[in-house]
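The exercises below are to be worked with the sequence and the structure in view. Each task is followed by a solution in steps.

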Amino acid sequence: MSEKIFVAGAAGAIGSALVPLLVDAGYTVYGSTRRTERAQALEASGAVPVVVDVFDAKALRAALMRIAPAIVIHQLTDLPRDLDPKRMADAAHRNARVRTEGTRNLVAAAVAAGARRLVAQSIAWVYAPGATPHVEEDPLDLAAEGTRGVSVGGVAALERSVLGTAGLTGTVLRYGQFYGPGTSTAEPRGACPVHVEAAAWAAVLALRHARGGVFNIAEDNPEVSSEKARRELGWSASLRLRQRRGVAL
(Lines give C-alpha, C1' and ligand atoms only; values in the text may rest on other atoms or scores of the structure.)
Protein backbone atom coordinates (compact mmCIF):
# COMPACT_ATOMS: atom_id res chain seq x y z
CA MET A 1 0.00 0.00 0.00
CA SER A 2 1.39 3.43 -0.93
CA GLU A 3 1.98 6.10 1.70
CA LYS A 4 -1.05 8.31 2.35
CA ILE A 5 -0.84 12.11 2.17
CA PHE A 6 -3.50 14.64 3.15
CA VAL A 7 -3.20 17.91 1.21
CA ALA A 8 -5.13 20.75 2.84
CA GLY A 9 -6.01 23.30 0.17
CA ALA A 10 -5.60 20.84 -2.69
CA ALA A 11 -7.84 22.82 -5.05
CA GLY A 12 -5.80 26.03 -4.84
CA ALA A 13 -3.09 27.25 -7.21
CA ILE A 14 -0.27 25.23 -5.63
CA GLY A 15 -2.51 22.32 -4.70
CA SER A 16 -3.64 21.92 -8.31
CA ALA A 17 -0.02 21.60 -9.41
CA LEU A 18 1.06 19.56 -6.40
CA VAL A 19 -1.52 16.75 -6.50
CA PRO A 20 -0.39 15.33 -9.90
CA LEU A 21 3.24 15.42 -8.75
CA LEU A 22 2.40 13.47 -5.60
CA VAL A 23 0.32 10.93 -7.52
CA ASP A 24 3.17 10.43 -10.01
CA ALA A 25 5.56 9.95 -7.09
CA GLY A 26 3.45 7.02 -5.88
CA TYR A 27 1.55 8.54 -2.97
CA THR A 28 -2.14 7.99 -2.23
CA VAL A 29 -3.40 11.56 -2.08
CA TYR A 30 -6.39 12.86 -0.15
CA GLY A 31 -7.14 16.45 -1.10
CA SER A 32 -9.27 18.81 0.93
CA THR A 33 -11.54 21.62 -0.22
CA ARG A 34 -14.33 23.42 1.59
CA ARG A 35 -16.33 23.71 -1.64
CA THR A 36 -18.30 20.69 -2.80
CA GLU A 37 -18.19 21.86 -6.43
CA ARG A 38 -14.41 21.42 -6.50
CA ALA A 39 -14.48 17.76 -5.50
CA GLN A 40 -14.87 16.49 -9.07
CA ALA A 41 -11.78 18.37 -10.26
CA LEU A 42 -9.76 16.94 -7.38
CA GLU A 43 -10.88 13.44 -8.26
CA ALA A 44 -9.93 14.01 -11.90
CA SER A 45 -6.43 15.03 -10.82
CA GLY A 46 -5.94 11.74 -8.98
CA ALA A 47 -6.83 12.74 -5.42
CA VAL A 48 -9.53 11.39 -3.16
CA PRO A 49 -11.61 14.51 -2.44
CA VAL A 50 -12.36 15.45 1.17
CA VAL A 51 -14.86 18.27 1.69
CA VAL A 52 -14.05 19.84 5.05
CA ASP A 53 -13.52 23.32 6.51
CA VAL A 54 -10.27 23.83 8.40
CA PHE A 55 -12.16 25.95 10.95
CA ASP A 56 -14.40 23.00 11.83
CA ALA A 57 -11.91 21.36 14.17
CA LYS A 58 -14.14 18.42 15.04
CA ALA A 59 -14.90 17.50 11.40
CA LEU A 60 -11.26 18.00 10.39
CA ARG A 61 -10.02 15.74 13.18
CA ALA A 62 -12.58 13.06 12.24
CA ALA A 63 -11.55 13.21 8.58
CA LEU A 64 -7.85 12.82 9.31
CA MET A 65 -8.39 10.05 11.82
CA ARG A 66 -10.43 8.17 9.22
CA ILE A 67 -7.74 8.65 6.56
CA ALA A 68 -4.74 8.16 8.91
CA PRO A 69 -2.22 9.92 6.66
CA ALA A 70 1.50 9.56 7.31
CA ILE A 71 2.07 13.08 5.98
CA VAL A 72 0.03 16.29 5.95
CA ILE A 73 0.70 19.18 3.56
CA HIS A 74 -0.72 22.62 4.39
CA GLN A 75 -1.37 24.78 1.32
CA LEU A 76 -4.34 26.73 2.65
CA THR A 77 -4.84 30.44 2.04
CA ASP A 78 -7.81 32.80 1.83
CA LEU A 79 -7.05 35.44 -0.78
CA PRO A 80 -9.30 37.30 -3.25
CA ARG A 81 -9.28 36.38 -6.92
CA ASP A 82 -6.54 38.26 -8.81
CA LEU A 83 -5.38 39.75 -5.48
CA ASP A 84 -7.78 42.67 -5.87
CA PRO A 85 -6.08 45.58 -4.01
CA LYS A 86 -9.45 46.85 -2.75
CA ARG A 87 -9.99 43.58 -0.91
CA MET A 88 -6.48 42.82 0.31
CA ALA A 89 -6.71 44.59 3.68
CA ASP A 90 -9.69 42.45 4.67
CA ALA A 91 -8.05 39.40 3.11
CA ALA A 92 -4.99 39.87 5.32
CA HIS A 93 -7.14 39.25 8.39
CA ARG A 94 -8.85 36.22 6.85
CA ASN A 95 -5.53 34.78 5.75
CA ALA A 96 -4.03 35.37 9.19
CA ARG A 97 -6.93 33.41 10.68
CA VAL A 98 -6.15 30.51 8.34
CA ARG A 99 -2.52 30.64 9.47
CA THR A 100 -3.33 30.83 13.17
CA GLU A 101 -6.58 29.01 13.96
CA GLY A 102 -6.59 26.93 10.78
CA THR A 103 -3.03 25.73 11.25
CA ARG A 104 -3.65 24.99 14.91
CA ASN A 105 -6.64 22.82 13.98
CA LEU A 106 -4.75 21.07 11.20
CA VAL A 107 -1.72 20.33 13.37
CA ALA A 108 -3.92 18.98 16.17
CA ALA A 109 -5.81 16.76 13.71
CA ALA A 110 -2.56 15.52 12.18
CA VAL A 111 -1.17 14.55 15.57
CA ALA A 112 -4.42 12.84 16.59
CA ALA A 113 -4.36 10.85 13.34
CA GLY A 114 -0.79 9.68 13.89
CA ALA A 115 0.84 11.71 11.09
CA ARG A 116 4.62 11.87 11.36
CA ARG A 117 5.38 14.85 9.12
CA LEU A 118 3.83 18.16 8.11
CA VAL A 119 4.94 20.50 5.31
CA ALA A 120 3.41 23.98 5.33
CA GLN A 121 3.24 27.02 3.10
CA SER A 122 4.66 30.26 4.49
CA ILE A 123 5.93 33.42 2.77
CA ALA A 124 9.38 34.86 2.13
CA TRP A 125 8.73 38.60 2.27
CA VAL A 126 8.17 39.03 6.01
CA TYR A 127 11.76 39.30 7.20
CA ALA A 128 12.74 42.17 9.47
CA PRO A 129 14.80 44.96 7.86
CA GLY A 130 18.45 44.02 7.69
CA ALA A 131 21.24 42.79 5.46
CA THR A 132 20.12 41.07 2.28
CA PRO A 133 19.68 38.59 0.77
CA HIS A 134 17.77 37.20 3.74
CA VAL A 135 18.49 33.65 4.83
CA GLU A 136 16.24 31.38 6.85
CA GLU A 137 17.89 32.23 10.18
CA ASP A 138 17.07 35.95 9.85
CA PRO A 139 14.30 37.24 12.16
CA LEU A 140 10.79 37.92 10.97
CA ASP A 141 9.44 41.48 11.06
CA LEU A 142 7.52 41.01 14.29
CA ALA A 143 7.53 44.76 14.95
CA ALA A 144 5.56 45.47 11.77
CA GLU A 145 2.32 47.40 12.11
CA GLY A 146 -0.93 47.64 10.17
CA THR A 147 -1.74 45.13 7.47
CA ARG A 148 1.84 43.89 7.33
CA GLY A 149 1.78 43.31 11.06
CA VAL A 150 -1.35 41.18 10.68
CA SER A 151 0.33 39.10 7.99
CA VAL A 152 3.59 38.67 9.90
CA GLY A 153 1.68 37.67 13.03
CA GLY A 154 -0.18 34.98 11.10
CA VAL A 155 3.02 33.65 9.57
CA ALA A 156 4.76 33.54 12.94
CA ALA A 157 1.86 31.63 14.48
CA LEU A 158 1.82 29.12 11.61
CA GLU A 159 5.54 28.50 11.85
CA ARG A 160 5.44 28.04 15.62
CA SER A 161 2.68 25.45 15.28
CA VAL A 162 4.40 23.54 12.49
CA LEU A 163 7.92 23.60 13.88
CA GLY A 164 7.17 23.35 17.59
CA THR A 165 4.76 20.43 17.91
CA ALA A 166 6.20 17.41 19.69
CA GLY A 167 6.13 14.19 17.70
CA LEU A 168 5.69 15.96 14.36
CA THR A 169 8.56 16.72 11.98
CA GLY A 170 7.63 20.11 10.55
CA THR A 171 8.96 21.73 7.39
CA VAL A 172 8.12 25.32 6.45
CA LEU A 173 8.44 26.54 2.86
CA ARG A 174 8.72 30.33 2.69
CA TYR A 175 7.48 30.95 -0.82
CA GLY A 176 8.06 34.07 -2.86
CA GLN A 177 5.26 35.80 -4.81
CA PHE A 178 3.52 33.28 -7.07
CA TYR A 179 3.04 33.61 -10.79
CA GLY A 180 1.86 31.17 -13.43
CA PRO A 181 -1.29 29.04 -13.90
CA GLY A 182 -4.04 29.65 -11.36
CA THR A 183 -2.39 32.76 -9.89
CA SER A 184 -3.06 36.46 -10.42
CA THR A 185 -0.35 36.93 -13.05
CA ALA A 186 1.42 35.03 -15.81
CA GLU A 187 4.69 36.94 -15.35
CA PRO A 188 7.08 37.29 -12.38
CA ARG A 189 6.14 40.00 -9.92
CA GLY A 190 7.32 41.27 -6.56
CA ALA A 191 10.76 41.29 -5.00
CA CYS A 192 11.10 37.50 -4.80
CA PRO A 193 8.91 35.76 -7.41
CA VAL A 194 8.49 32.01 -7.86
CA HIS A 195 6.56 30.06 -10.47
CA VAL A 196 3.68 28.17 -8.89
CA GLU A 197 4.83 24.86 -10.43
CA ALA A 198 8.35 25.28 -9.03
CA ALA A 199 6.72 26.00 -5.67
CA ALA A 200 4.76 22.75 -5.92
CA TRP A 201 7.98 20.87 -6.69
CA ALA A 202 9.51 22.28 -3.50
CA ALA A 203 6.84 20.54 -1.43
CA VAL A 204 7.49 17.20 -3.15
CA LEU A 205 11.26 17.50 -2.73
CA ALA A 206 10.82 18.50 0.91
CA LEU A 207 9.02 15.20 1.51
CA ARG A 208 11.94 13.25 0.14
CA HIS A 209 14.91 15.24 1.40
CA ALA A 210 14.03 17.58 4.28
CA ARG A 211 14.45 16.62 7.92
CA GLY A 212 12.35 19.51 9.06
CA GLY A 213 13.18 23.21 9.27
CA VAL A 214 12.66 26.30 7.11
CA PHE A 215 13.44 26.85 3.42
CA ASN A 216 13.17 29.96 1.26
CA ILE A 217 11.66 29.10 -2.13
CA ALA A 218 12.13 31.86 -4.71
CA GLU A 219 13.94 32.69 -7.91
CA ASP A 220 17.35 34.36 -7.65
CA ASN A 221 16.86 37.91 -6.37
CA PRO A 222 18.61 40.47 -4.15
CA GLU A 223 16.15 40.14 -1.26
CA VAL A 224 15.96 36.43 -0.38
CA SER A 225 18.43 33.55 -0.76
CA SER A 226 17.16 30.09 -1.73
CA GLU A 227 20.60 28.51 -1.59
CA LYS A 228 19.59 26.21 1.26
CA ALA A 229 16.71 24.73 -0.79
CA ARG A 230 18.99 24.20 -3.77
CA ARG A 231 21.64 22.56 -1.63
CA GLU A 232 19.53 20.40 0.68
CA LEU A 233 16.42 19.68 -1.39
CA GLY A 234 17.85 19.67 -4.91
CA TRP A 235 15.27 22.34 -5.76
CA SER A 236 15.50 24.61 -8.79
CA ALA A 237 13.36 27.59 -9.73
CA SER A 238 13.23 26.24 -13.29
CA LEU A 239 11.21 23.12 -12.34
CA ARG A 240 7.85 22.74 -14.08
CA LEU A 241 5.12 20.08 -14.26
CA ARG A 242 6.30 18.86 -17.67
CA GLN A 243 9.47 17.66 -15.92
CA ARG A 244 7.62 15.56 -13.40
CA ARG A 245 8.80 12.24 -14.79
CA GLY A 246 12.38 13.37 -15.19
CA VAL A 247 13.35 14.61 -11.75
CA ALA A 248 15.12 12.29 -9.32
CA LEU A 249 13.06 11.84 -6.17
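A residue is called buried if its relative accessible area is under 20%, exposed if that area is over 50%, and partly exposed in between. The model used in these exercises is predicted.

**Exercise 1. Determine how strand 5 is enclosed and which way its side chains point.**

Solution.
Step 1. Strand 5 comprises residues 117-123. Seven of its seven residues are buried, so strand 5 is largely enclosed by the rest of the structure.
Step 2. R117, V119, Q121 and I123 point one way from the strand, while L118, A120 and S122 point the other way.
Step 3. Residues on both sides are buried, as the cut-off of under 20% relative accessible area requires.

**Exercise 2. Identify the strands that pair with strand 5, and give bridge partners.**

Solution.
Step 1. Strand 4 runs parallel to strand 5, and four bridges join them. Within this pairing, I73 stands opposite V119 of strand 5.
Step 2. Strand 6 also pairs with strand 5 in the parallel sense, over seven bridges. S122 stands opposite R174 in strand 6, and I123 has Y175 of strand 6 as its bridge partner.

**Exercise 3. Describe strand 6, its pairing with strand 9 and the chain path that leads to strand 6.**

Solution.
Step 1. Strand 6 covers residues 169-175 and is mostly covered, with six of its seven residues buried.
Step 2. To reach strand 6 from strand 5, the chain passes through helix 5 (residues 146-163); this β-α-β crossover is right-handed.
Step 3. Strand 6 pairs with strand 9 (residues 213-217) in the parallel sense over five bridges. There, V172 has V214 in strand 9 as its bridge partner.

**Exercise 4. Check the length of helix 6 against its number of residues, then state how many of its residues are buried.**

Solution.
Step 1. Helix 6 (residues 196-209) has 14 residues, and at 1.5 Å a residue it should span 20 Å.
Step 2. The end C-alpha atoms of helix 6 are 20 Å apart, which agrees with the expected span.
Step 3. Helix 6 is mostly covered, since 12 of its 14 residues are buried. Among them are V196, E197, W201 and L207.

**Exercise 5. Examine the backbone at P133 and at A68.**

Solution.
Step 1. T132 and P133 are joined by a cis peptide bond, with omega about 0°. P133 belongs to the loop between strand 5 and helix 5.
Step 2. A68 has a phi near 55°, a positive value in a residue other than glycine. A68 lies in the loop between helix 3 (57-67) and strand 4 (71-74).
Step 3. The relative accessibility of A68 is 38%, so A68 counts as partly exposed.

**Exercise 6. Locate R35, classify its accessibility and state its separation from A131.**

Solution.
Step 1. R35 is found in the loop between strand 2 (28-33) and helix 2 (39-44).
Step 2. With a relative accessible area of 36%, R35 is partly exposed.
Step 3. R35 and A131 are 96 residues apart in sequence, and their C-alpha atoms are 43 Å apart in space.

Definitions and conventions: Residues numbered from 1 in each chain as written. Predicted model: local features only at pLDDT ≥ 70, side-chain atom pairs only at ≥ 80, totals over all residues. Heavy atoms only, no water. Buried < 20%, exposed > 50% of the residue type's maximum accessible area, 1.4 Å probe, protein only. Helix = DSSP H or I, 4+ residues; strand = E, 2+ residues; numbered from the N terminus. Pairing = 2+ DSSP bridges. Right-handed = clockwise from strand over helix to strand, strands pointing away. Expected span 1.5 Å × (residues − 1).
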